[in-house]
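Q: Here's a model I'd like to go through with you. Please start broad, then zoom in on a single part.

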Number of protein chains: 2
Amino acid sequence: MLVETSHPGNLGATARAMKVMGLSDLALVNPKCAIDDEARARASGAVDVLEAARVFDDLADALADTVLSAACTSRRRDLPHPAYTPRQAAPEMLKLAQAGPVAIVFGSETFGLSNEQLMQCRWLVNIPSNPDYASLNLGAAVQVLAYELRSTAEDAVLPLPDFELAPHAAQEALLVEMEKALVEVGFHDPAHPRRLMPRLRRFFAKAGLEKEEVAIWRGIVAAMKNPGTPWRN
Amino acid sequence: MLVETSHPGNLGATARAMKVMGLSDLALVNPKCAIDDEARARASGAVDVLEAARVFDDLADALADTVLSAACTSRRRDLPHPAYTPRQAAPEMLKLAQAGPVAIVFGSETFGLSNEQLMQCRWLVNIPSNPDYASLNLGAAVQVLAYELRSTAEDAVLPLPDFELAPHAAQEALLVEMEKALVEVGFHDPAHPRRLMPRLRRFFAKAGLEKEEVAIWRGIVAAMKNPGTPWRN
């Protein structure tokens with residue numbers, strides 16, 4: 001997923017970087033440029049991937065069906081989500097890709113991903129780089145991640161996961177409900193949020209919410225608001 | 001080492017791909033284009049690497065001082081040299097780089113390296129790729145090799161996590177308190193436990209509870225039992 005990309009050449013380079021490693025599902029979120037002749041030239045033999053790109057107005061829609069989302073970022077954060085190198089992340093990404101769509105999210109050339117966008121993703125991925133010059137080109141970053149996935153896949157046969165991950169939208173809906181319940185019981189004051197929800201969001205990101213667990217947590221949230229609602233699985 | 005490169009953009013992309021991974025020694029062998037404005041634009045903040053490139057008339061001269069040379073190629077050969085993936089090659093390259101210059105050699109965009117050029121190198125390096133579309137862009141191939149070297153070099157020293165994990169006893173105490181609260185709000189019936197607590201235990205285990213998060217969850221548990229207890233961090 002490319003978010004707010006502004007250079008057509010990077011759209012093409014991304015399509016080529018993906019196809020050469022066997023990936024094909026490109027999503028453009030609020031793109032700031034068109035798929036033009038420069039994009040097609042840089043895509044070379046991967047124009048098909050470029051032309052088939054799905055376009056979304058915002059990141060939440062693009063992520064809705066995913067079971068894992070990893071934001072590629074070079075910045076260190078005060079309140080980080082789980083952060084991995086591509087090499088650390090690739091085996092788990094490949095494993096979960098057997099359960100549902102896995103997204104790798106890249107920000108704009110100039111600004112990268114905003115904190116708000118990063119927070120929507122479950123993981124951060126930091127590509128190792130020169131601390132004195134960490135300005136990786138967007139297409140090159142896509143190439144590194146795509147290469148790492150293929151290289152890891154060819155190195156190993158990975159076991160299937162034995163559980164079903166919750167789609168992104170289900171986790172988002174749960175966190176909305178949880179916030180409401182925490183306000184209702186007087187624990188959370190949205191006027192003085194004290195980073196409570198970002199911290200809970202990070203906790204859930206670390207855990208990796210499964211479908212079955214959504215039911216448990218929705219039940220707990222409901223019981224918080226309306227005591228006397230028992231757990232039924 | 002770039003051999004017979006014909007697109008200035010690839011010279012720039014190569015310089016950037018190298019610098020971002022901490023490499024700086026670029027050699028151009030019989031280049032078929034000049035370092036022009038397009039090359040400088042694509043180099044971005046790595047124009048210094050581009051301008052410092054050494055230029056050679058032929059590959060033998062460029063390789064003269066090296067202690068190891070690896071030819072990057074996508075083709076399989078009838079009479080192959082030792083062939084490795086980047087991941088297999090990187091540790092030995094890094095080791096030998098302490099003894100003398102190690103060269104990674106990339107051919108022209110259209111023809112790659114000739115058999116005669118391949119034979120001058122000690123190793124072949126094959127980047128894993130999609131058998132149906134293996135046309136890796138030159139700059140992207142350089143990025144993959146440069147990334148692999150840095151990634152392998154950094155793997156030797158892993159940074160400490162920047163957060164403190166909660167001790168086992170703190171998580172156990174939290175789960176005891178949480179169970180009591182869930183009983184109190186009528187959600188959990190210990191007479192019919194339905195694996196609720198083992199599931200919550202597993203969820204917390206997946207997340208890896210941190211010290212700061214213990215306080216948040218103890219607060220939520222307290223607010224569940226006694227609504228009106230606000231979060232104070």
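What percentage of the 233 residues of chain A count as buried, and which residues of helix 9 of chain A are buried?

A: First, a caution: this is a predicted model, where local features need pLDDT of at least 70 and side-chain atom pairs count only at pLDDT 80 or more, while totals for chains, interfaces and linings use all residues. Residues are numbered from 1 along each chain as its sequence is written, with chains lettered from A and ligands numbered from 1 in the order in which they are written.

On burial, 47% of chain A's 233 residues make the cut (20 or more other C-beta atoms within 10 Å of the residue's own, with C-beta atoms placed from the backbone). Chain A has 10 helices and 7 strands (DSSP runs numbered from the N terminus: H or I, at least four residues, for helices; E, at least two, for strands).

Now for helix 9 of chain A, residues 196–207. Its 12 residues reach 17 Å from first C-alpha to last, close to the 16 Å expected at 1.5 Å a residue (that is, 1.5 Å times one less than the number of residues). The buried ones are Leu196(A), Arg201(A), Arg202(A), Phe203(A), Phe204(A), Ala205(A) and Ala207(A). Within chain A, they pack against helix 6 (115–120) and helix 8 (168–184); in chain B, their partners are helix 9 (196–207) and helix 10 (211–225). Just past the end of helix 9 of chain A, Gly208(A) takes a positive phi of about 75 degrees.

Stepping out to the whole interface, chain A and chain B each put 54 residues into the contact (C-beta atoms, placed from the backbone, within 7 Å). On the chain B side, helix 1 (8–20), helix 7 (138–155), helix 9 and helix 10 each give two or more residues, and helix 7 of chain B has the largest share, 7 residues.

Terms used. Buried ≥ 20, exposed ≤ 12 C-beta atoms within 10 Å, placed from the backbone. Contact = placed C-beta atoms within 7 Å.
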